[in-house]
Amino acid sequence: MDLALVKESIGNLRTGVNNYFSGKDAFYICVATTGVSVTAVYLVQAIKNRENIHDRLKVKFFKLLRRIPAIGNKIEGELLTIKQSFYTDMDKRMKGVGYITRLPEKPISDEAIAKEVATYLDLGEYDWESGYVSGAVYYHEKSLCDLVARVHGLASYTNPLHPDVFPGVCKMEGEIVKISCNLFNGTKNACGCMTSGGTESILMAMKAYRDFARDTKDITEPEAVLPMTAHPAFNKASQYFGIRLRFVPVDPKTYIVDPKKMAKYITSNTIVLIASAPNYPYGTMDPIPQIAAIGLKRNIPVHVDSCLGGFLVPFMAKAGYPLEHGFDFSVPGVTSISADTHKYGFTPKGSSVIMYSESKYLHSQFSTATDWPGGVYGSPTVSGSRAGGNIAACWATLLRFGMEGYIDATKKIIETARRIEKEVREMEGVFVFGKPATSVVAIGSDTFHIYHLLDALGKKGWNLNPLQSPPGLHIGVTHMLTRPGVADRFLNDVKEIVAHLLKNPPASLEGKMALYGTAASLPDRSIVSDFTRLFLESLLFTDSSKPHNFLTNESNGVKNPTFSAQQN
């Protein structure tokens with residue numbers, strides 16, 4: 001380019017700007033300059049972060065709106081009403097059982113404590129032991145409960161934080177991890193550790209990749225690319241570890257992510273690509289081989305979240321239901337997998353496994369403090385102390401089932417899920433989202449609001465999971481739902497309710513379903529967050545004005561076998 005032409009262009013621009021601002025107030029010039037600069041920075045950041053400018057402006061707008069006293073006070077008043085309704089609902093669920101809000105003056109007898117535990121556990125309204133709950137409890141049998149209780153009792157006070165004191169617990173954890181790595185076709189280098197659940201497994205993977213990218217690629221503004229259907233544990237990891245999430249929309253028909261679209265969200269700050277096997281909302285499985293190939297090509301780790309299906313997918317081929325594509329360490333590019341033993345592994349709640357293809361990622365997961373006066377400290381997960389009882393119970397459960405037991409359970413579960421999918425597809429007025437890969441079947445409707453079906457099923461004793469954007473419901477088939485007659489009852493109830501809704505078009509949603517529907521459609525998502533926080537707070541509701549009889553008997557000086565004669 002001609003240098004003289006460049007100089008002439010700059011000169012013309014300078015003259016034009018000077019002419020425009022000639023005679024203008026200095027304050028005006030400063031404000032205009034600042035405004036243009038801020039807008040330019042905002043636009044550059046929005047483009048760099050691949051965020052929707054409309055969405056960001058909407059968030060800002062609603063924040064400013066809530067600062068207007070008339071509007072803010074109205075919202076706070078409504079939230080207070082909702083909070084009170086949550087508290088009232090929780091109190092009703094307690095069925096008149098009083099609250100223990102302070103320690104009793106004297107010890108309570110073992111018999112009275114055990115009896116009261118049974119009372120507390122009977123406060124729920126759903127018959128989960130008969131299989132009328134989606135997910136939540138994946139297996140329940142007296143002989144397994146007896147074994148777990150016995151093993152947990154033996155190891156209940158052990159802690160792998162003290163390996164010199166409890167080396168056997170560490171051995172059990174190592175064996176659980178290696179069993180899991182072998183199920184997922186890991187090489188001899190595959191490794192990992194146990195966590196308290198799927199969320200912690202995901203947190204640990206994200207922490208590992210954040211630190212690994214910082215140490216090996218000098219990435220200080222980490223980003224993760226994941227489908228919209230990925231579990232909210234990734235949102236939690238984002239909040240905890242300062243990782244930006246780049247959500248990729250899924251196909252509105254298949255409900256799986258398009259790898260080509262996913263690749264467009266990758267930046268120089270991308271530390272991990274994420275896929276689900278399967279995802280929680282729809283039970284569909286992302287195209288893991290294609291996503292892993294992108295990761296391999298771009299030198300980006302790939303995490304497979306198999307927390308939900310982790311102890312189904314390794315057994316499906318031998319159970320007669322082979323998956324369409326790979327999902328484990330046999331797929332080149334897959335560097336980590338999270339799998340919950342406490343779901344379809346049928347172990348007690350509080351156990352999951354995070355696995356890596358090689359130890360360099362696991363090392364980035366660990367936390368160390370080398371200069372503490374108490375000595376060199378190291379911890380593999382979020383918790384320092386961990387429950388050895390949970391590790392031992394998990395170990396015992398895996399051995400009790402063995403390959404044969406898990407293959408048989410998988411066959412029954414997938415067989416039942418396929419039957420539900422088939423018969424729902426044949427019903428008029430409802431449809432199945434995508435193609436379920438494992439045990440989750442998601443149902444929607446273009447004829448009526450699907451929450452009417454959800455509400456009616458709830459009144460018949462079913463506890464299912466609502467979906468949003470678009471509205472839907474899903475059922476996670478557990479081993480308990482495979483019992484004789486349970487799936488029959490579910491399908492008959494769905495058919496009956498759908499037929500009624502088609503003949504009698506429902507009015508607007510009411511009660512809890514109306515709240516679900518409103519929450520899903522509110523443009524200000526911060527209000528939905530407020531709803532959620534109030535609900536979580538209400539779960540811990542207690543009322544000291546309604547004391548438990550452990551306390552009332554004590555205050556009245558009543559002699560009662562409730563109290564123990566033991567004072568030690």
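Trainee: Which residues line the largest cavity?

Mentor: Tyr 209, Phe 212, Ala 213, Lys 217, Ile 271 and Pro 301 line it. Keep in mind that this is a predicted model.

Trainee: Which helix gives the most to that lining?

Mentor: Helix α8, residues 198–217. It supplies four residues to the lining of the largest cavity.

Trainee: How do the lining residues divide into nonpolar, polar and charged?

Mentor: Five are nonpolar and one is charged. No polar residue is in the lining of the largest cavity.

Trainee: What volume does the largest cavity have?

Mentor: About 30 Å³.

Trainee: And how many cavities of 30 Å³ or more are there?

Mentor: The count comes to one.

Trainee: How does anyone find empty space like that?

Mentor: Rolling a probe the size of a water molecule over the atoms shows where empty space is left.

Trainee: OK, pockets now. How much space lies in the second largest pocket?

Mentor: About 400 Å³. The pocket has 13 lining residues. Closest to its centre are Leu 121, Gly 124, Tyr 126, Trp 128 and Glu 129.

Trainee: How does that pocket's lining divide into nonpolar, polar and charged?

Mentor: Six residues are nonpolar, three are polar and four are charged.

Trainee: New topic. What is a disulfide, again?

Mentor: It is a covalent bond between the sulfur atoms of two cysteines.

Trainee: How many disulfides does a search of the whole structure find?

Mentor: Zero. Take Cys 181, which is in no disulfide. The nearest cysteine sulfur belongs to Cys 191, and it is 6.7 Å away.

Trainee: Why is there no bond between the sulfurs of Cys 191 and Cys 181?

Mentor: Because 6.7 Å is too far for a bond. The cut-off for a disulfide is within 2.5 Å.

Trainee: Are those two cysteines buried or exposed?

Mentor: Cys 181 is buried, with a relative accessible area of 0%. Cys 191 is buried too, at 13%.

Trainee: Zoom out for me. How many helices and strands does the protein have?

Mentor: There are 18 helices and 13 strands.

Trainee: What share of the residues is buried?

Mentor: 45% of the 568 residues.

Trainee: And what area does the protein expose?

Mentor: About 30,200 Å². Carbon and sulfur atoms supply 58% of that area.

Trainee: Last one. Take contacts between residues at least 6 apart in sequence. What share joins residues at least 24 apart?

Mentor: That share is 72%.

Technical notes. Residues are numbered from 1 along each chain as its sequence is written. This is a predicted model: local features need pLDDT of at least 70, side-chain atom pairs count only at pLDDT 80 or more; totals for chains, interfaces and linings use all residues. Side-chain values use heavy atoms; hydrogens and water are left out. Helices (H or I, at least four residues) and strands (E, at least two) are DSSP runs, numbered from the N terminus. Buried means under 20% relative accessible area, exposed over 50%, partly exposed in between (1.4 Å probe, protein chains only). Contact means heavy atoms within 4.5 Å. Accessible areas come from the Shrake-Rupley method with a 1.4 Å probe; for residues, only the protein chains shown count as cover. On a 1 Å grid over the protein atoms alone, a cavity is a set of points where a 1.4 Å probe fits but cannot get out, and a pocket is an open set with protein on both sides within 12 Å along at least five of seven lines; lining residues have an atom within 4 Å of a point. Grid points are joined across faces, edges and corners, and a volume is the space filled by probe spheres set on the points. Ala, Val, Leu, Ile, Met, Phe, Trp, Tyr, Cys and Pro count as nonpolar, Asp, Glu, Lys and Arg as charged, and the others, Gly among them, as polar.
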